[in-house]
Amino acid sequence: MAIREILEVPDARLKTVSKPVETFDEALKTLAADMFETMYAADGIGLAAIQVGEPIRLLVIDLQPEDPDAEPEECDHGGHHHTHQPLKKEPRVFVNPVILDPAEELNTYQEGCLSVPEIYADVERPKTCRVRWQDLDGKFHEEAMEGIMATCIQHEMDHLEGILFIDHLSRLKRSMALKKLEKLRKAA
Ligand code: NI
């Protein structure tokens with residue numbers, strides 16, 4: 001496995017429309033493993049292949065990217081002493097995902113993106129959706145998504161169309177976000 005470089009705005013490759021995966025081979029499994037390693041190292045919860053420069057319809061998501069080997073944490077909040085068990089990793093791979101029936105009802109989440117570092121903004125998306133996808137062996141799956149998972153997979157699927165979460169903002173908010181990022185880069 002290897003950590004790959006994550007493309008950042010304004011890299012034009014992020015605007016690519018990714019191509020369907022047709023071959024479910026070892027190279028695809030290696031890329032997915034590299035994407036998980038890259039995502040965990042960057043403290044992200046989702047990553048699309050195009051973000052590491054591969055224009056194919058492949059996503060990885062883990063909403064609980066905690067270290068499974070971490071020690072339980074002793075804690076005193078809430079007025080009593082107790083122990084937090086570390087969250088288990090839940091890596092999920094989506095190949096050629098399709099949204100079947102996005103809800104009319106919308107939900108707002110503050111989103112961020114490893115390709116737009118340090119920038120966070122509220123984005124409205126359908127609250128729930130049904131997703132069909134293939135796994136790394138080409139087998140089909142279908143599942144109803146809700147909550148952060150629904151938001152996250154829609155954000156990642158946008159990447160497959162060359163769309164970033166800041167593209168959902170008004171022109172003014174988007175240009176403010178990009179200026180802020182520019183400033184942060186200069187300061188770094
Ligand atoms: Ni993103």
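This is a short tour of the fold and its salt bridges, in a predicted model.

**Whole chain.** Colour by secondary structure. Three helices and nine strands should appear. Along the sequence the order is α-β-β-β-β-β-β-β-β-β-α-α. Now switch to contacts. Of those joining residues at least 6 apart in sequence, 65% link residues at least 24 apart.

**Surface.** Turn on the accessible surface, about 11100 Å². Carbon and sulfur atoms account for 51% of that area. Of the 188 residues, 39% are buried.

**Salt bridges.** The protein has 12 of them. Three stops follow.

**Stop one: Arg 4 and Asp 34.** Select both. Their closest N and O atoms are 3.7 Å apart. Arg 4 sits in the segment before helix H1 (26-41), while Asp 34 is within helix H1, 30 residues away in sequence. Arg 4 is partly exposed at 26% relative accessible area; Asp 34 is buried at 7%. Add Glu 54 to the selection: Arg 4, Asp 34 and Glu 54 form a salt-bridge network.

**Stop two: Asp 137 and Lys 29.** Stay with helix H1 and pick Lys 29. Its side chain meets that of Asp 137 in a salt bridge, 3.1 Å from N to O. Asp 137 lies in the loop between strand E8 (129-134) and strand E9 (140-145), so the pair ties together parts 108 residues apart in sequence. Asp 137 is exposed at 58% relative accessibility, and Lys 29 is partly exposed at 28%.

**Stop three: Glu 111 and Arg 125.** Move to the strands. Glu 111 in strand E6 (residues 106-111) and Arg 125 in strand E7 (residues 121-126) are 14 residues apart in sequence. Their closest N and O atoms lie 2.7 Å apart in a salt bridge. Are these two residues buried or exposed? Both are buried.

Methods:
Residues are numbered from 1 along each chain as its sequence is written. This is a predicted model: local features need pLDDT of at least 70, side-chain atom pairs count only at pLDDT 80 or more; totals for chains, interfaces and linings use all residues. Side-chain values use heavy atoms; hydrogens and water are left out. Helices (H or I, at least four residues) and strands (E, at least two) are DSSP runs, numbered from the N terminus. Buried means under 20% relative accessible area, exposed over 50%, partly exposed in between (1.4 Å probe, protein chains only). Contact means heavy atoms within 4.5 Å. Accessible areas come from the Shrake-Rupley method with a 1.4 Å probe; for residues, only the protein chains shown count as cover. A salt bridge is a side-chain nitrogen of Lys or Arg within 4 Å of a carboxyl oxygen of Asp or Glu.
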